[in-house]
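User: I'd like a close look at one part of this model: how the aromatic side chains pack, and what sits around them. Take it slowly, and spell out your cut-offs as you go.

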Amino acid sequence: MDDTSGEAYARQAIGRVYLTLQDLGQASRWLGQALRLAEELGDAHREGCVSMQLGRLYGLAAESDRAMRVHEHALGIFETLGDRHCGAYAMHNLGGLQAVNGDRSHGSDQLERSLAIFQQLGDRSGEAATFQTLGELYRSAGRTTLAQEYLQHAHTLRRDLREGAGACAR
């Protein structure tokens with residue numbers, strides 16, 4: 001039985017593991033295979049998800065322009081599909097890259113938009129990550145008080161998430 005969709009998912013998952021281990025060569029190999037399968041299947045959502053992972057890979061490889069292009073591609077896919085949740089993650093990644101590359105204005109706009117979506121959807125993990133990124137952005141811009149507020153929000157959300165996870169595990 002041919003399960004090309006499952007294979008694309010598995011290859012993406014393996015690529016993510018290698019990405020977490022920062023083995024960029026293996027991550028690139030597995031994610032590239034997953035992307036090829038997603039494109040062959042016409043699975044736009046999988047293509048968007050794999051593209052976000054490739055964007056992370058290119059970011060780690062210090063290929064910022066390529067990383068931004070891939071995240072923009074993923075964001076375009078998710079917007080076309082009407083997937084606000086995955087789109088918010090692509091927006092977060094893109095905004096972070098824009099800010100790091102000196103385009104703080106567009107970066108903060110993307111981050112604020114993703115934060116609003118995470119809050120609307122109740123994704124507290126995405127919300128915490130975005131508060132963290134905004135805090136770091138404002139700290140690098142010398143806006144210490146605002147940075148501290150954002151970083152405190154991130155810390156509080158992460159603590160609440162950890163405590164909530166512990167309560168469920170009992």
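Analyst:
**The aromatic cluster and its surroundings**

Start with Phe131, which is buried at a relative accessible area of 8%; buried means under 20% relative accessible area, exposed over 50% and partly exposed in between, with a 1.4 Å probe and protein chains only. Bear in mind that this is a predicted model, where local features need pLDDT of at least 70, side-chain atom pairs count only at pLDDT 80 or more, and totals for chains, interfaces and linings use all residues. Residues are numbered from 1 along each chain as its sequence is written, and side-chain values use heavy atoms, with hydrogens and water left out.

There are three aromatic pairs in the structure. To pair, rings of Phe, Tyr and Trp (its six-membered ring) need centres within 6.5 Å; planes under 30 degrees apart are stacked, over 60 edge-to-face, and the rest tilted. Phe131 pairs with Tyr150 in the tilted way, at 5.6 Å centre to centre and 45° between the planes. That pair bridges distant parts of the chain, 19 residues apart, with Phe131 in helix α7 and Tyr150 in helix α8 (residues 144-169). Helices here are DSSP runs of H or I with at least four residues, strands are E runs of at least two, and both are numbered from the N terminus.

Tyr150 also counts as buried, at 13% relative accessibility, and it has another partner. The ring centres of Tyr138 and Tyr150 are 5.3 Å apart with planes at 40°, so this pair is tilted as well. Because Tyr138 is in helix α7 and Tyr150 in helix α8, the pair ties together parts twelve residues apart in sequence. Tyr138 is buried too, with 10% relative accessibility. Put together, Phe131, Tyr138 and Tyr150 make one aromatic cluster.

What nonpolar packing goes with that? Tyr138 and Tyr150 belong, with Ala128 and Ala154 among others, to a core of twelve residues, but let's take the largest core before that one. A nonpolar core is a set of buried Ala, Val, Leu, Ile, Met, Phe, Trp, Tyr and Cys residues joined through side-chain atoms within 4.5 Å. The largest has 26 residues, and those with the most contacts inside it are Leu31, Val50, Leu54, Leu57, Tyr58, Phe78 and Ala90. At least two residues each come from α2 (24-41), α3 (44-60), α4 (64-81), α5 (84-100) and α6 (104-121), with α4 giving the largest share, seven residues. The core that holds Tyr138 and Tyr150 is a second, separate one.

Back in the largest core, Ala90 touches Met52, His71, Ala74, Leu75 and Phe78, not counting residues up to four places away in sequence; contact means heavy atoms within 4.5 Å. On α4, Val70 is buried at 16% relative accessible area. Setting aside neighbours within four places, Val70 contacts Ser51, Leu54, Gly55 and Tyr58.

Right beside Phe131 in the numbering, you'll find Thr130, also in helix α7. Thr130 is buried, at 0% relative accessibility. Beyond its neighbours within four places in sequence, Thr130 is in contact with His92, Leu111, Ser114, Leu115 and Phe118.

His92 takes us to the largest pocket, which holds about 790 Å³ of space. His92 is among the closest residues to the pocket centre, along with Arg56, His71, Tyr89 and Asn93, out of 29 that line it. (On a 1 Å grid over the protein atoms alone, a cavity is a set of points where a 1.4 Å probe fits but cannot get out; a pocket is an open set with protein on both sides within 12 Å along at least five of seven lines, and lining residues have an atom within 4 Å of a point. Points are joined across faces, edges and corners, and the volume is the space filled by probe spheres set on them.) Helix α7 has a stake here: α1 (4-20), α3, α5 and α7 (124-140) each supply at least two lining residues. The most come from α5, with nine. The lining divides into twelve nonpolar, 13 polar and four charged residues, where Ala, Val, Leu, Ile, Met, Phe, Trp, Tyr, Cys and Pro count as nonpolar, Asp, Glu, Lys and Arg as charged, and the others, Gly among them, as polar.
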